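Me: Please take a close look at a single part of this model, one position and what lies around it. Then set that part against the rest of the chain. Keep the sentences short.

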Amino acid sequence: MGEEFFWNKRYANSNYVYGTEPNSFLAEQCHLLSGPVLSLSEGEGRNAVFMAAQGLDVLGVDISQVALEKAHQLAKSRGVEIRTVVADLATFVPEENHYGAVVSISAHLPSAIRHRLYPFIERALKPNGLILLEAYSENQLAKNSGGPKQLDMLMTVAKLQREFPNLEPILLQEIEREVFEGEGHTGLASVVQYIARKKG
Ligand SMILES: C[S@@+](CC[C@H](N)C(=O)[O-])C[C@H]1O[C@@H](n2cnc3c(N)ncnc32)[C@H](O)[C@@H]1O
């Protein structure tokens, strides 16, 4: 089963799988971000809509057209505008030297996709632009509170250091925290949190 088919099916009902409220790490740190913002694997729009409500210009990318249609419905219901593009991050090439921030919330990808994409993400940031990322860590594999079951898709501090060699970390930590994000992610979880800056 292809990723596109899998995710369109997962999103094919009226509820919001990860809720309609933003990821809490993003909500806490959003004041650091400037636009335009590229949001990877945006899903049903909870994070893009939140950022748009803070005045940021947001482009959300996701492989699932169903998810992004729901994202636009959420934006409309909140009276904000977001931009979206249906694209596979395995081939997506973001505009170079263009984004004030790249946001990656639970955008779990196989290493083969990350290793192609992340150098483009470094290039897509403007000088002093930030990446803000939260992902389940490898320690999440033993838990049942959500996330992929493939070790390769889960992150560690060391993977982030290796995969974004040209960014200056501002925050890089693995923590356990309670997550309440709809039926998709709920309970005690092991996550990696990362904020890093492109050198000016
Ligand atoms: C766990 S959900 C997270 C959604 C959203 N970031 C959130 O926090 O609510 C993972 C998302 O990744 C998207 N996705 C998976 N593989 C992808 C790919 N190769 N390219 C683009 N999006 C992908 C899925 O469609 C899904 O929306």
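Reply: Of the 200 residues of the chain, 42% count as buried. The model is a predicted one. A good part to look at closely is the surroundings of one of the buried residues, Leu133.

Leu133 sits in strand 5, which covers residues 125–136. Leu133 has 24 other C-beta atoms within 10 Å, and 20 or more make a residue buried, so Leu133 counts as buried. Which residues does Leu133 touch, once its neighbours within four places in sequence are left aside? The contacts are Ser104 and Tyr194. Ser104 belongs to strand 4, which spans 99–105.

Next, turn to Ser106. Leu133 and Ser106 are 27 residues apart in sequence. In space, their C-alpha atoms are 7.9 Å apart. Ser106 lies in the loop that runs between strand 4 (99–105) and helix 5 (111–124). Is Ser106 buried or exposed? Ser106 has 22 C-beta neighbours inside 10 Å, so it counts as buried. Its backbone also deserves a look. Ser106 is not a glycine, yet its phi is positive, at about 50°. Most residues other than glycine have a negative phi.

Strand 5 holds another residue of this kind. Asn128 is in strand 5, and its phi is near 70°. That is again a positive value in a residue other than glycine. How does Asn128 stand on burial, buried or exposed? Asn128 is exposed, because 12 other C-beta atoms lie within 10 Å, and 12 or fewer is the limit for that class. So strand 5 carries a buried residue, Leu133, and an exposed one, Asn128.

Now the setting. The chain has six helices and seven strands. Along the sequence, the order is α-α-β-α-β-α-β-β-α-β-α-β-β. Among contacts between residues at least 6 apart in sequence, 70% join residues at least 24 apart. The C-alpha atoms fill a box of roughly 45 × 40 × 30 Å along the principal axes. The radius of gyration is 15 Å; a compact globule of 200 residues would have one near 16 Å, so the two agree.

Elsewhere in the chain, strand 2 (residues 58–62) runs parallel to strand 3 (residues 83–86), and four bridges join them. Gly60 stands opposite Thr84 of strand 3. Between these two strands, the chain passes through helix 4 (residues 65–78), and this β-α-β crossover is right-handed.

There is a peptide bond to note as well. Gly35 and Pro36 are joined by a cis peptide bond, with omega about -10°. Most peptide bonds are trans. Pro36 lies in the loop between helix 2 (24–29) and strand 1 (37–40).

Last, the ligand. There are 20 residues around the ligand, and Trp7, Ser41, Gly43, Ile63 and Leu89 come nearest. Helix 1 (3–10) and helix 3 (46–53) are the elements that give two or more residues to this shell. By type, the shell divides into nine nonpolar, six polar and five charged residues.

Methods: Residues numbered from 1 in each chain as written. Predicted model: local features only at pLDDT ≥ 70, side-chain atom pairs only at ≥ 80, totals over all residues. Rg over C-alpha atoms; globule rule 2.2 N^0.38 Å. Contact = placed C-beta atoms within 7 Å. Near = placed C-beta within 6 Å. Nonpolar A, V, L, I, M, F, W, Y, C, P; charged D, E, K, R; others polar. Pairing = 2+ DSSP bridges. Right-handed = clockwise from strand over helix to strand, strands pointing away.
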